[in-house]
Every structure is written in C-alpha cells, then in structure tokens.
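Trainee: Could you take me through this model? I want to know what the labels rest on.

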Amino acid sequence: MDLKKLGKMFIDGKWVEAASGATRTIIYPYDQREIAKVTEGDVEDARSAIAAARRAFDSGPWRSTTGAERGRLVGTLADLIERDREELARLESLDTAKTFEESKVDMDDIAGIFRYYAGLADKDGGEIIDSPIPNTVSRAVREPVGACGQISPWNYPLLQASWKMAPALAAGNTIVMKPSEDTPLTTIKVTELAEEVGFPPGVVNLVLGPGPTVGNELAVSHDVDLISFTGGIETGRKIMQAASGNAKKIAFELGGKNPNIVFADADFDLAVDYALNAVYFHAGQVCSAGARLLVEESIHDRLVEEVKKRAAKIKLGEAFDPKTECGPLISEKHRAKVERYVELAREEGAKCILGGKRPDDPELQNGFFYEPTIFVDCTNDMRIVQEEHFGPVLTVEKFSTEAEAIERANSTTYGLSGAVWTTDQNRAERVAAALRMGTVWINDFNIYFAQAPWGGYKQSGIGRELGKQGLEEYTEVKHIYQNLATEPLNWFGAS
Ligand code: NAD
C-alpha cells in the first residue's frame, strides 16, 4: 500500500494540496514511527471546500437526485468499504494503534451504517396532515438542510465520520468533512471510495488540518447550514459560539462519564467480565467508556478483587500482534492528561490498587502506553469521578440502596450512557427509567448499532446520530398547503 498517495484534500471533485503547501506528519502511536505525510489545510482551503459544497447544493444536479438514486450511491460506498475492509482496518490501526481485530470490526460496522442509510434514503415520502380546513391538502415533507460541515474525533476516526457522512448524503445534503488532524487516513481513503462511487463534484468534500483554523471556519461560515461535531465539551462550546453568527443548525456528540451499576443480585461473573470491557476497551478512549463502576456494598470487595485480578493480566502491545489486548493512548499530550487525572485522584484521597503509572516493559517505551488502573474509595465529589479522563482508569464507588445508586449515577454534567446489572427485571426497568442518559444498557455494555439512536442528555450532546433520528438531523421539515377551492376573502376594502 502506498501511503504517500493518501495525503491530499478533496475539493469540488479534485484532489488538492493545501494552498500554503504545509504538511503534517502522521505517526503510529505504538512507536511514534512516521506512517504518512498529509497536506495541512488552512482557512483558505476550508473556504474553497465550503464554496464547492454550497454550489453543489444550490445549483448542482444533486438536489434533484431521487432518494432511490442516493440510496444506490450510498449503498455502493458500503460495497466498496466491504471490498477494502482489510486495507481500511490496517490504516485505522496504524493511525490509532488500536488492535487490528478491533479495526476490522469497526469496518464491518461502518459498512453496515452506510448500508442502513442507503436503505432509508427513499423511505420517507412525507406525511399527509388531517387539515382542519375543508377542500385543502396539507402535507409535511422532509428536505435536506443544505451544505453541512462535519468534524470528527480521533478515537474512532472512520466510525465517527461514517455516522455523519452516511445520513447526510442519504438525505441529500452536500458535505465538507474534517477528520481529526491526528487520524485522517481512513477518512481520506473513504473519500477516495466516494470518488469511485461517482457522487457529483462538490457533494463530498474533505478538508484536513487543525480544529481552531479549518474546523472553526466550518463553524463560523455563513455558507454552512449545519455543523455536526463529535469531540470534547470544551471544543463543543467554542463551536456553538462560532456557529451562532448565522444561527446554523448544530448536531453535537460530546463526552461521557458513564456509570456501570452492579447490584448484588447481578450475574457476578458476567458483571466482572463486562466491567473490564467497559473501561479498558481501546484503552478507555471511548465516549461511552464505563469508567465509573458503582457496586452494591455486599459484593463490592469480591467484585473489585476479581476485576483487579483480570485487569492485572491485560496484555499491552502492538496493534498487529494477535496477543495484544490493549494498545497505547493516542498521543503524549493525551497521556499527560490521563496522568494529571491520576495525580488528582490521589490528592483527593482515592486509593490506587492497580496501575497508576506507565508500564516498565522496555518494548513499550516508545509508545504512549499507560497501565490499566483502578481506584477504590471514590466519592462523588472527586474530579476523577465527575470529569472525563478518556484513559484506562476505573473508579469504584460503593452504594447501599437503589436510590443512592441512581443519585450517584446521575450526578455528573454528562448524560451519554450507563448500564445496570441485575436479575430483578422490575429494578432494571426502574433504574433504566431514572437514568438521565441517551442510552441505558441492561445487563450489557457499549452496544450500539445503526438502527438505534445514539446521543447524549445534558452536556453529552445535542440531537441524535444513528437510527432514523440520525437521518432526521440532516433534514428540514416543510409544510405544503394547497387550497382546492380558493374563494375571495373580501376582508379588505370590498364594500
Ligand atoms: P476534540 O474536541 O479535541 O477534537 C474533535 C475535533 O474537533 C477534531 O477534528 C478537532 O480538530 C476539532 N476541533 C478542535 N478545536 C476546534 C475548534 N475550535 N473549532 C472547530 N473544530 C475544532 O476531541 P478529541 O480529543 O478529538 O475526541 C475526544 C472527545 O470526543 C471526547 O470528549 C469523547 O467523549 C468525544 N467523543 C464523543 C462521542 C459521542 O458519540 N458522544 C464519540 C467519540 C468521541
């Protein structure tokens, strides 16, 4: 595979370098080896891409394309992603250092997402409204919003991009996608596939570069009708302000601080197994990571002991080594953030019973590794419990009643997801109803799929991705009303 080809932006149907000529080196987080050089866009490039998307929406052939035709194109993109699954997965693992196995599963999910929205593209013919006025026809139809800016993060680079690209295109919008500057490779590759599919020029545009310049331009521009963003809450606040100039629509998927609640009557072995998965999968760099474990008092010590025993055996390593269970963090900057939270937890009185440091293994010294870590004796007021650290760090809290578990679980400013483990069906439903979160899992964790909506309550987001709701985000609703027997009103000056 020639990674050198993967370095350009796609604007108005052409592959281009940044006007400034600047480049960025992409590294493999396992050992910091250079894997690619990509062009580094700036505000000027973002403006060209926005202008292309605007033109393609306002005057190109795209707006008169039928839902069936859009579905065919989006479905063909799914086919090509399946065809190039291994290559895409390899690029994703090089970019993020997540295991190759995990990346392959991501690619299957991504193809499924394009396929799902391909299927929805021609299913909504609008709604006939029961008009209260005789001899009239009233209907509501959904139309595309327009030119959309889309900004994605580094933790699931192509998966997060696909949650935006697929519904936006299926609904008939034009897009300017900006992936994270740290992990652009698979998004570039999928844009190549979109070119192969044959979307009209300007419908799919890709810009590369930093958030504060390129990303900000997408948020600020009055030619962008909607900005969709996945990332941290601080960035979300900036984008919200930048987007206010033309009151563009916003669709946000922000952070999470997701409680995993285990009652004493839960299946103990399953709860242990899933608690590990919830927090250590992809080294905790998951918006829905179960970094907060809430355990009922009577089983607390036994459960913590089991989780610790297994966490101590997690094999850190290289993405393409089949023995590797967990890779490094994405960057030195991010590892420093996780380390700051660990220090803070110690200062606030939480007790570290595992990890809490970088691994000693000489083979891991060039990567951004951090040991699986567990803190017990955690309380609600600690910052490590309230704030998103996005690393392999589990905090454990004890509770004695259902009401206390719910209160603690709801006590953060986030509301993305949470789980409840119990064999009492009534309790499961009560707790699920009481949690203020966009997703609640009962006896499971971290499950999402194309058909079900995903998004956050409170400061975890605005709007929904996935499901039919994810398509609706990319539509405006128009009411069309026709009078079949118009008669004079004679209201003004008729006598
Ligand atoms: P980030 O906010 O630092 O960056 C995300 C994207 O925003 C990047 O493309 C970045 O270049 C861009 N950006 C940065 N500053 C910008 C600005 N001023 N204007 C416009 N764009 C800007 O987030 P990250 O570190 O890449 O990702 C981790 C965060 O993403 C975590 O908080 C995580 O919870 C969240 N996340 C949420 C979901 C979800 O579904 N809710 C999914 C994945 C990740």
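**Labels and what backs them**

Mentor: Start with helix H9: Phe268, Ala271, Val272, Ala275, Leu276, Ala278, Val279 and Tyr280 are buried there. Buried means under 20% relative accessible area, exposed over 50%, partly exposed in between (1.4 Å probe, protein chains only). Those H9 residues span an arc of only 165 degrees around the axis, so they lie on the same side of H9. The arc is taken from the directions from the helix axis to the C-beta atoms.

Mentor: One caution: this is a predicted model, where local features need pLDDT of at least 70 and side-chain atom pairs count only at pLDDT 80 or more, while totals for chains, interfaces and linings use all residues. Residues are numbered from 1 along each chain as its sequence is written, and side-chain values use heavy atoms, leaving out hydrogens and water.

Trainee: Why is H9 called a helix?

Mentor: Helices are DSSP runs of H or I with at least four residues, strands are runs of E with at least two, and both are numbered from the N terminus. H9 covers residues 268-280 and has 13 residues.

Trainee: What span is expected of H9, and what does it reach?

Mentor: The rule is 1.5 Å times one less than the number of residues. For H9 that gives 18 Å, and the helix reaches 19 Å from first C-alpha to last, which is close.

Trainee: What makes the contact of Asp267 with Asp269 at the start of H9 a polar one?

Mentor: A polar contact is a pair of N or O atoms within 3.5 Å; within protein, one must be able to donate a hydrogen and the other to accept it, and residues adjacent in sequence count only if both atoms are side-chain atoms. Here a side-chain oxygen of Asp267 comes to within 3.3 Å of the backbone nitrogen of Asp269.

Trainee: Is Val420 buried or exposed?

Mentor: Val420 has a relative accessible area of 0%, so it is buried. Val420 sits in strand S18.

Trainee: Which residues is Val420 in contact with, leaving aside neighbours within four places in sequence?

Mentor: Contact means heavy atoms within 4.5 Å. Among the partners of Val420 are Ile261, Ala428 and Trp441. Val420 and Ile261 are 159 residues apart in sequence, yet 4.8 Å apart in space, C-alpha to C-alpha.

Trainee: How do you know that S14 and S15 pair?

Mentor: Two strands pair if DSSP finds at least two bridges between them. S14 and S15 have three, in the antiparallel sense. One bridge joins Lys351 to Val376 in S15.
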